[in-house]
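Biologist: I have a structure to go through with you. Can we take the fold before the details?

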Amino acid sequence: MAKVKTIAVMTGGGDCPGLNAVIRAVTKTAIAQYGIKVWGIEDGFLGIIENRIRPLGYREVSNILETGGTILGSNNTTNPSKYPHTNKAGKVEFKDLTASCVRTLKQKKIDALVCIGGDGTMTSAEKLAERGMTIIGVPKTIDNDLWGTEVTFGFDTAVTTATEAIDKLRTTASAHHRIMVLEVMGRYAGWIALHAGVAGGADVILIPEIPYSLDKVCDFIKQRNSWGKTYTIICVAEGAKEIGGEMVVRRTVAYSPETIRLGGIANKLAGQIEMSLGLETRSVTLGYVQRGGRPTAHDRVLATSFGHAALELVVSGKKNRLVVWKNNQVSSVPLAQVAGKVRKVPVNSPLIAAARGVNTCFGD
Ligand code: F6P
């Protein structure tokens, strides 16, 4: 096995708290423990395509452990295998730039690429692996929906932020006897809504995995009122939908690996509830606040463990694997197993059972 001399690190997809902690752990372990040179790629795959790759030293990764965002920049719209360009006739065509990305990395003598990202990034990274680049993936996403790992860093911080939002909404809900609908992120999975909903004591939790009935939600609110509960808090995942209905799409991003952006369900639901019950209802969409800010201690620990494990995989000559958290420890799975898959909340999850136990309504 040839000794690894040079690696690169990149962050792809939506930003998430803990990215800098991984960059720091990868870079410090590489330099301090193995004398490996580290390159940082700017703005995800776009940085490879545009050859924006810069050296990362100890100084660059100092004092970043506790900061949100990513010092490298990120991008969730660039797909190297389907890269748009305008031809002479002014028409948009797509090019597969995978081979050229691998060439760029090899020209810099990069032996392995540490890709920190979610499922879109891993799917694209897997294509680079097929062309001969050694990839080690590190799972990030506030959505917690990456297949193969039981948890991703960033999730705990997002849940903490969403829980604080529920705590704060409770005061207005209670003072004004209103129904408050809080929309949280998560794409097609309800992890954030479920965990924040339970932690914040939401009365109704709506997640994509359990399509809801508007009538059941309204009946539950009426029942609460009959018990003297003068307000209700609903925590709804952006991907939640009515039985037989569709998810609410906020926008489509044509060339992105994932074209659909969800959003708007809280506003829609609040209108429907107010119309149906005649009770004052307000909606709040938490949005990017969930992706921002300092990572929690839990996420810093997980991110540092993941970054260190990624580097250990690189030096032990492992190829094309994703670092994961499984059975209470860090391990890894083949990257090819993960690409294109989404990990959803199991409907028989013990946490759903616990929530139902304390009389939380899931609208089913
Ligand atoms: O995957 C992270 C995430 O924040 C999702 O929860 C959300 O649906 C999506 O990204 C939003 O993407 P964008 O930043 O393109 O609006």
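**The sheet and its surroundings**

Biologist: In what order do the seven strands of the open sheet lie?

Modeller: This is a predicted model. Its open sheet has mixed pairing. Seven strands make it up, in the order S3-S2-S1-S6-S7-S14-S15.

Biologist: Which strands stand at the edges of the sheet?

Modeller: Look for strands with a single partner strand. One side of each is then left without a neighbour in the sheet, so the edges are S3 (53-56) and S15 (329-334).

Biologist: Which residue in S2 is the bridge partner of Ala 8?

Modeller: Strands S1 (residues 6-11) and S2 (residues 37-41) run parallel, joined by four bridges. In S2, Ala 8 has as its bridge partner Trp 39.

Biologist: What angle does the direction of helix H9 make with that of S14?

Modeller: Helix H9 (residues 297-315) packs on the sheet. The strands touched by H9 are S1, S6, S7, S14 and S15. With the direction of S14, H9 makes about 140°.

Biologist: Is Val 92 buried, partly exposed or exposed?

Modeller: Val 92 lies in strand S5 (residues 92-95). With Phe 94 and Tyr 255, Val 92 makes a nonpolar surface patch of about 250 Å². The relative accessible area of Val 92 is 36%, between the 20% and 50% cut-offs, so the class is partly exposed.

Biologist: Asn 63 has a positive phi. Is Asn 63 buried or exposed?

Modeller: Most residues other than glycine have a negative phi. Asn 63 has a phi near 60° and sits in the loop between S3 and strand S4 (83-86). At a relative accessible area of 67%, Asn 63 is exposed.

How values were computed
Residues numbered from 1 in each chain as written. Predicted model: local features only at pLDDT ≥ 70, side-chain atom pairs only at ≥ 80, totals over all residues. Heavy atoms only, no water. Pairing = 2+ DSSP bridges. Helix = DSSP H or I, 4+ residues; strand = E, 2+ residues; numbered from the N terminus. Contact = heavy atoms within 4.5 Å. Axes fitted to C-alpha atoms, helices over the stretch in contact; angles between N-to-C directions. Patch = residues over 30% accessible without salt bridge, like charges linked within 9 Å, V, L, I, M, F, W, Y side chains within 5 Å. Areas by Shrake-Rupley, 256 points an atom, 1.4 Å probe, with all protein chains shown as cover. Salt bridge = Lys/Arg side-chain N within 4 Å of Asp/Glu carboxyl O. Buried < 20%, exposed > 50% of the residue type's maximum accessible area, 1.4 Å probe, protein only.
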